[in-house]
Amino acid sequence: CAAAGAYRPRPSRVKVRLFSAESPLDLERWRYVLSSLVGFMGLVIPVLIGGDHFVLFRFYQPIWAVLFLPCLSLIDVFHGELLKMPAILRKMFVVILMLAIYSIPRDGWLSLSSASKIRYELVLAEQGQQLGSDLNAIFPVDRPSVGVIAAGGVAFTYDGIVIDVMGLNNLEVAHTPGNRHGYKNHAAFSPDVFFRQQPDLLLHGWQDILKDLFCDERFSPAYQLAVITDNERSITAYIRREYLQKLSELGLEVRLLQPLSSCP
């Protein structure tokens with residue numbers, strides 16, 4: 001639709017119409033041009049920031065519905081020509097349009113049923129936001145820095161320092177050269193950078209992404225697995241050992257846990 005809007009078909013040729021002197025930009029064409037620009041910008045943003053390699057093209061999800069606007073505006077622009085078409089062609093046009101709409105995968109981003117593949121991505125963000133809110137409540141003052149893998153939801157609600165150990169929002173991690181083998185698109189984690197930044201709490205400890213961090217000889221002397229509770233809510237995290245004393249001063253209950261390790 002974006003390409004078609006700049007041209008207007010004639011029986012014998014295709015002629016530029018939107019910006020020609022003989023055809024002023026009326027309201028319908030302005031509507032088409034503006035909706036096309038909005039749709040185009042929505043599509044180009046993931047390209048400008050490095051592409052969309054996330055599950056189910058999450059960066060593009062907000063823009064799918066917008067892409068219908070230029071199509072609708074284009075019909076408005078050519079309504080005269082559509083009315084001149086033979087009845088059979090108009091019927092074929094409607095059928096093709098309905099088939100195109102019906103072929104769009106609806107469950108992925110409309111119904112969001114429990115079987116929808118993208119539902120997990122939304123639940124993950126909600127869980128992160130809830131975790132950030134819990135951290136705010138547990139630590140009303142002197143909030144600790146927290147290291148997380150899925151940082152977006154936590155950073156959205158948590159008022160303390162959030163360290164993205166995977167590097168998507170952490171330049172020192174992202175720019176560290178070295179091994180990028182591992183979980184696809186999640187392989188930038190650097191143990192050396194982690195021990196330089198040393199968050200007070202480490203959450204979401206996924207061993208496959210953290211490249212056997214828990215087996216690193218520097219980890220056990222520096223961090224202790226524990227449950228922190230304020231009698232209303234609790235979180236489980238690896239706690240920097242120097243920060244354990246601070247938790248007692250804040251009046252929080254800390255229950256130490258034995259790490260489950262498969263290290264040789």
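Contact here means heavy atoms within 4.5 Å. This is a predicted model, where local features need pLDDT of at least 70, side-chain atom pairs count only at pLDDT 80 or more, and totals for chains, interfaces and linings use all residues. Residues are numbered from 1 along each chain as its sequence is written, and side-chain values use heavy atoms, with hydrogens and water left out.

**Exercise 1.** Work out where Ser190 sits and what Ser190 touches.

*Solution.* Start with the helices and strands: they are DSSP runs numbered from the N terminus (helices H or I, at least four residues; strands E, at least two). Ser190 falls in the loop between α8 (171-174) and α9 (191-197). Next, check the cover: Ser190 has a relative accessible area of 10%, so it counts as buried (under 20%; exposed is over 50%, partly exposed in between; 1.4 Å probe, protein chains only). Finally, skip the neighbours within four places in sequence, and Ser190 is in contact with Val173 and Thr176.

**Exercise 2.** Trace the six-strand sheet and find its edges.

*Solution.* Two strands pair if DSSP finds at least two bridges between them. Follow the order β4-β3-β5-β7-β6-β8 and you've got an open sheet with mixed pairing. β4 (162-164) and β8 (253-256) each have a single partner strand, so one side of each has no neighbour in the sheet. Now zoom in on β6 (residues 223-229) and β7 (residues 234-240): they run antiparallel, joined by seven bridges. In this pair, Tyr223 stands opposite Arg240 in β7.

**Exercise 3.** Say how much of the protein chain is buried.

*Solution.* Take the 264 residues of the protein chain: 35% count as buried.
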